[in-house]
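Work through the exercises below with the sequence and the model open. Try each task before reading its solution.

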2 protein chains.
Amino acid sequence: MTRLQNLTNRACPGMSPTVKLAEYLFTRLVQLGITSVHGVPGDFNLTLLDYVEPAGLHWVGNANELNAGYAADGYARINGISALITTFGVGELSAINAIAGAYSERAAVVHIVGTPPRATQDGRLLVHHTLNDGNFSRFAQMQAHVTIAQTSLRDPRTCPEQIDQVLAQCLLHSRPVYIEVPVDLVDAPVLSDRLSAKLQLPEGIWGTSQNSAIEAVVEKLQEAKQPIILVDGETRALGIVDAVQDLSRRTGWPTWTTGFAKGLLDETESNFHGIFRGKWDEENTQTFFYDADVVLCFGPHFSSTNSFGFTSLPRPENTISVSDSDIKIGTKIWRDVPARQAVASLRRKLNLDMIQRYVEYPKLRRDQAFSVQDTPKEKIITQDKIWRVLSTFLREGDILLGETGTPGYGTREMPLPPRTRLFIPTTWLSIGYMLPAAQGAALAQRDLAASAQQPGRTILLVGDGSFQMTAQEIGTMIKHNLNIIIFLINNDGYTIERCIHGMRQAYNDVSRWRYLEAPSFFGAQRDTYTASATTWGELEKVLGDKRLSDGQGLRMVEIVMDKEDAPAGPLKDLIKAQKAKRL
Amino acid sequence: MTRLQNLTNRACPGMSPTVKLAEYLFTRLVQLGITSVHGVPGDFNLTLLDYVEPAGLHWVGNANELNAGYAADGYARINGISALITTFGVGELSAINAIAGAYSERAAVVHIVGTPPRATQDGRLLVHHTLNDGNFSRFAQMQAHVTIAQTSLRDPRTCPEQIDQVLAQCLLHSRPVYIEVPVDLVDAPVLSDRLSAKLQLPEGIWGTSQNSAIEAVVEKLQEAKQPIILVDGETRALGIVDAVQDLSRRTGWPTWTTGFAKGLLDETESNFHGIFRGKWDEENTQTFFYDADVVLCFGPHFSSTNSFGFTSLPRPENTISVSDSDIKIGTKIWRDVPARQAVASLRRKLNLDMIQRYVEYPKLRRDQAFSVQDTPKEKIITQDKIWRVLSTFLREGDILLGETGTPGYGTREMPLPPRTRLFIPTTWLSIGYMLPAAQGAALAQRDLAASAQQPGRTILLVGDGSFQMTAQEIGTMIKHNLNIIIFLINNDGYTIERCIHGMRQAYNDVSRWRYLEAPSFFGAQRDTYTASATTWGELEKVLGDKRLSDGQGLRMVEIVMDKEDAPAGPLKDLIKAQKAKRL
């Protein structure tokens with residue numbers, strides 16, 4: 001007997017089998033490949049939580065809801081989809097900034113909110129977790145702004161379909177959805193018949209219009225004299241990463257990513273050139289990129305931060321762009337061409353003998369790691385090299401997270417081993433995000449590796465200001481014994497803000513914590529590895545320590561750098577300009 | 001020359017004097033009695049922050065925006081009004097749960113958000129801190145649900161009036177307001193003439209209808225055989241605390257508060273009986289309260305938590321209630337009777353010779369402290385007595401905060417010295433609130449005491465689960481050297497949730513931190529006082545230690561209690577019922 005058969009029962013002879021509403025919902029989550037559920041208990045979701053573990057799901061239990069939301073986002077980016085459970089009002093609103101980030105950067109988070117009993121809502125009772133005005137719909141209205149679909153479960157007859165519909169939207173768009181579960185519906189019987197099949201996503205209709213789009217793309221590609229490929233981060237949400245990797249490999253065309261997409265492709269391929277840095281890139285590379293007569297672009301997400309202030313974007317008239325369900329060549333748009341089918345069709349129709357092959361491959365920048373052995377041992381660690389030095393510490397299968405701030409910029413220049421995933425600030429840029437996201441990502445990595453031998457490591461690069469925002473999630477990392485290494489950049493405040501404005505203003509300072517006491521405070525074993533490095537020599541020793549590189553659980557390193565130092569690129573130029581103004 | 005004259009300048013001869021927009025806004029905040037401003041820097045508010053300190057305001061700089069919002073709420077409840085500055089999107093949404101709490105429980109928080117330049121918004125540019133959709137109005141729409149007034153500054157000609165209008169709403173309603181300041185308007189010149197006078201709040205119109213309301217109230221009070229007074233927490237927002245205190249003292253009528261109002265009245269008065277606990281109160285008291293033929297009620301806020309599950313409410317037909325601008329007797333309502341004028345009129349018109357005086361005063365419960373010397377020294381500390389024991393530690397002028405959880409219930413039974421202010425969970429009940437609120441309250445206390453000799457102490461009672469939500473604000477307490485004592489109730493998880501449901505479910509556990517390492521981790525001096533107590537004997541020693549009671553800055557005590565223990569009242573009954581179910 002399957003687990004599903006175990007669950008269902010017939011209320012009356014002749015009636016269809018039923019399960020409890022919570023069982024229905026959680027069975028669906030399991031079927032979607034979710035193993036762990038993030039969130040925080042609250043009195044309107046407690047009975048719902050009773051069904052989490054029995055459904056075969058693992059309950060995380062975060063320190064607060066914003067962090068739980070960030071962690072769920074991180075989990076979704078590795079696992080494809082995640083779930084978050086909060087309580088009405090206080091819980092869901094604490095998480096709303098994380099949900100907005102998941103919307104902005106396309107992480108599929110199923111946000112489930114336990115709400116007051118229907119009778120309480122309908123009676124407009126003045127209960128806690130409300131604005132004391134009898135209005136129970138405000139929070140759902142707020143959540144609608146940052147989710148792609150919402151549903152309020154009110155009638156057991158329609159609950160299964162409602163749940164399936166929002167879950168499908170979550171997957172189709174890779175954006176968060178919102179489900180309200182009144183506490184009195186948690187154990188209501190609902191029909192279980194839909195559970196016998198996994199949730200089916202609608203496939204796109206493919207016809208003449210779609211074929212003509214692909215033909216136009218193929219024609220344009222065949223005519224191209226200097227074609228290049230630009231991969232942006234929505235490629236992940238579109239589910240076309242492998243196909244795009246294959247196209248890049250088979251055409252041999254010079255391929256760049258944006259920051260958002262870095263870590264999706266194999267960086268050891270000879271035609272891979274890292275992130276195109278716009279006006280901050282090396283001259284040869286800029287010329288070649290801008291001179292390309294065709295740019296084949298996947299999953300565009302052209303926000304300011306992701307495009308070096310709009311300077312790294314291809315010229316629209318030369319660009320073929322493949323989005324969710326559109327193909328665009330210059331100003332011409334074909335709608336309703338689903339990306340996955342489009343790329344599959346393109347791979348079939350593109351004849352490699354008919355396209356430009358770079359027999360003499362152009363000279364283009366490739367990112368290089370920098371050995372710590374080549375650094376001046378007695379000198380203090382500097383932003384110009386630290387990121388490329390940290391590259392040497394990475395291994396295949398690692399997850400790397402570079403928090404908004406100097407790490408977010410620095411990680412852009414780090415070459416990555418194959419199968420390394422990278423989290424980089426793209427558009428939402430909510431500082432504090434990466435630490436809980438590291439918890440979520442590490443857990444997803446372990447959940448996915450459950451059948452394999454050993455999960456990789458999760459490595460977080462985070463500044464002191466960001467660290468303070470969400471530090472308590474270290475307790476969750478410890479509780480679940482996650483394999484996480486934290487490099488804390490201690491540069492005495494918000495250096496990224498100093499670069500932008502107010503370089504020496506007190507408002508860019510932060511409280512001075514004793515950062516390396518974090519593991520002990522948050523409950524790690526007394527012998528947890530911690531170390532501090534101010535000079536390159538000290539860093540060399542730390543990076544060479546097996547307890548750091550091959551240990552288990554949490555490890556933490558503090559890297560001390562000057563507060564007015566920034567990595568090459570936009571930040572360096574900004575702080576230079578500020579220093580010049582002061583002279 | 002006054003400071004204002006210093007600021008203003010004439011753009012052209014003959015034109016009115018101008019100031020920069022930021023100067024206008026901050027001058028108004030200073031005039032309203034705000035001394036310190038809470039918030040977090042972000043790139044859309046940095047130039048705005050340049051004007052904070054020059055305006056004579058003190059910048060707090062919190063660890064994250066939710067905490068900053070909680071702290072601003074705490075500051076407002078002590079100071080009357082507060083200000084919070086965040087950045088567009090990421091910052092303001094992180095704070096929105098705190099703003100909702102301020103709305104629900106009526107704290108006057110001016111939330112100022114630095115937004116992208118007007119050209120960026122109008123051009124629908126895809127910049128960071130957006131959903132990458134060119135829509136810049138979503139977040140303001142979300143904030144409108146939890147603020148009483150909102151304004152988007154777009155035109156320097158109308159900015160002063162717009163600012164004044166929302167500030168007036170903030171004060172009138174004692175609820176949060178929302179001001180959007182585009183970064184390119186920060187230094188725009190605006191007319192300064194309105195600044196020459198303080199902001200004027202409109203007084204209510206007083207006429208026949210209002211007089212008839214007061215006459216009806218007086219008549220009802222004169223007829224009363226068994227009148228009592230019930231003071232609820234909106235009394236503070238209405239600005240009638242002193243007048244209500246005076247009425248209670250002069251009538252001598254038995255007076256109770258709700259939890260929300262506790263700490264507003266002088267508890268040493270002989271006719272003060274603490275919080276009326278509804279069906280959990282002592283029998284005599286219940287009988288007398290329910291038998292009252294007239295209940296004179298001020299500032300009603302009858303939410304479930306604030307009314308012991310609706311059991312402590314007076315019968316509507318016997319109740320005279322004085323709200324914002326309504327007077328209600330039974331089902332009859334007089335509108336547009338502003339509370340402050342109403343109470344002033346009532347005090348003039350109520351002839352003390354014509355009303356019931358309790359010559360033989362009834363036997364009614366009064367809260368009693370419990371001496372630690374009367375506890376069994378070797379026994380572990382228990383919820384039945386701890387709160388009344390901690391009462392003995394309080395002093396006149398202290399601020400006491402009891403976080404949602406067992407402390408929030410326990411503090412209800414603590415008798416308070418005069419001029420002690422209390423924060424108690426009322427309706428919003430967002431766990432994690434009280435720790436940052438303690439930072440805000442302590443700072444307001446110090447700001448207000450600046451002219452006096454010495455500010456009182458701020459004492460926080462907080463459970464471990466709540467503590468984990470917002471612990472980083474301890475860093476802010478330390479940075480500003482605030483006079484705060486934290487009693488951390490370590491009972492291994494969310495005991496309040498255990499009472500409600502899932503007593504032994506793992507989801508009610510939390511990570512196990514080493515709580516007393518907090519001061520060191522967050523940067524306090526090495527000799528900061530910390531102590532732990534598991535037995536009454538240990539607690540006696542701790543409470544008697546002068547370093548704790550008379551020290552300066554942060555001090556912290558961990559009190560260990562059983563996880564299935566709860567204070568008498570609703571929580572105790574709930575957990576008893578759960579234990580019974582398990583047997």
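**Exercise 1. Describe the packing of chain A as a whole.**

Solution. Start with burial: 56% of the 583 residues in chain A are buried (20 or more other C-beta atoms within 10 Å of a residue's own; exposed means 12 or fewer, partly exposed lies in between, and C-beta atoms are placed from the backbone). This is a predicted model, in which local features need pLDDT of at least 70, side-chain atom pairs count only at pLDDT 80 or more, and totals for chains, interfaces and linings use all residues. Residues are numbered from 1 along each chain as its sequence is written, with chains lettered from A and ligands numbered from 1 in the order in which they are written.

Next, count elements. Chain A has 23 helices and 22 strands (DSSP runs numbered from the N terminus: H or I of at least four residues, E of at least two). The radius of gyration of chain A is 25 Å, close to the 25 Å of the globule rule for 583 residues, so chain A is as compact as a globular protein of that length. That radius is taken over C-alpha atoms, and the rule is 2.2 Å times the number of residues to the power 0.38. Along the principal axes, the C-alpha atoms of chain A fill a box of roughly 75 × 65 × 50 Å.

Last, take the contacts in chain A with a separation of 6 or more: 77% of them join residues 24 or more positions apart (contact: C-beta atoms, placed from the backbone, within 7 Å).

**Exercise 2. Place Leu29(A) in its surroundings.**

Solution. Leu29(A) lies in helix H2 (residues 21-31) of chain A. Leu29(A) is buried, with 22 other C-beta atoms within 10 Å. Set aside its neighbours within four places in sequence: Leu29(A) is in contact with Ile34(A), Leu57(A), Ala83(A) and Val110(A).

**Exercise 3. Characterise helix H5 of chain A.**

Solution. First, length. H5(A) covers residues 90-104, 15 residues in total, and reaches 22 Å from first C-alpha to last, close to the 21 Å expected at 1.5 Å a residue (1.5 Å times one less than the number of residues). Second, geometry. H5(A) has a kink of about 45 degrees centred on Ile96(A); the bend is the angle between axes fitted to the seven residues ending at a residue and the seven starting there. Third, environment. 15 of the 15 residues of H5(A) are buried, so H5(A) is largely enclosed by the rest of the structure. After the helix comes Arg106(A), with a positive phi near 60 degrees.

**Exercise 4. Which strands of chain A pair with E17(A), and in which sense?**

Solution. E17(A) and E18(A) (residues 421-423) pair in the parallel sense over 3 bridges (two strands pair if DSSP finds at least two bridges). Leu400(A) stands opposite Leu422(A) in E18(A). E17(A) also pairs with E19(A) (residues 458-463), again parallel, over 4 bridges. There, Gly402(A) stands opposite Leu461(A). Now check the faces of E17(A): Ile399(A) and Leu401(A) on one side and Leu400(A) and Gly402(A) on the other are all buried.

**Exercise 5. Give the strand order of the open sheet in chain B and explain its edges.**

Solution. The order is E4-E3-E5-E6-E8-E7, with parallel pairing of the 6 strands. E4 (58-59) and E7 (149-152) of chain B stand at the edges with a single partner strand each, so one side of each lacks a neighbour in the sheet. E3(B) (residues 36-39) and E4(B) run parallel, joined by 2 bridges. Ser36(B) has His58(B) as its bridge partner in E4(B).

How values were computed
Contact = placed C-beta atoms within 7 Å.
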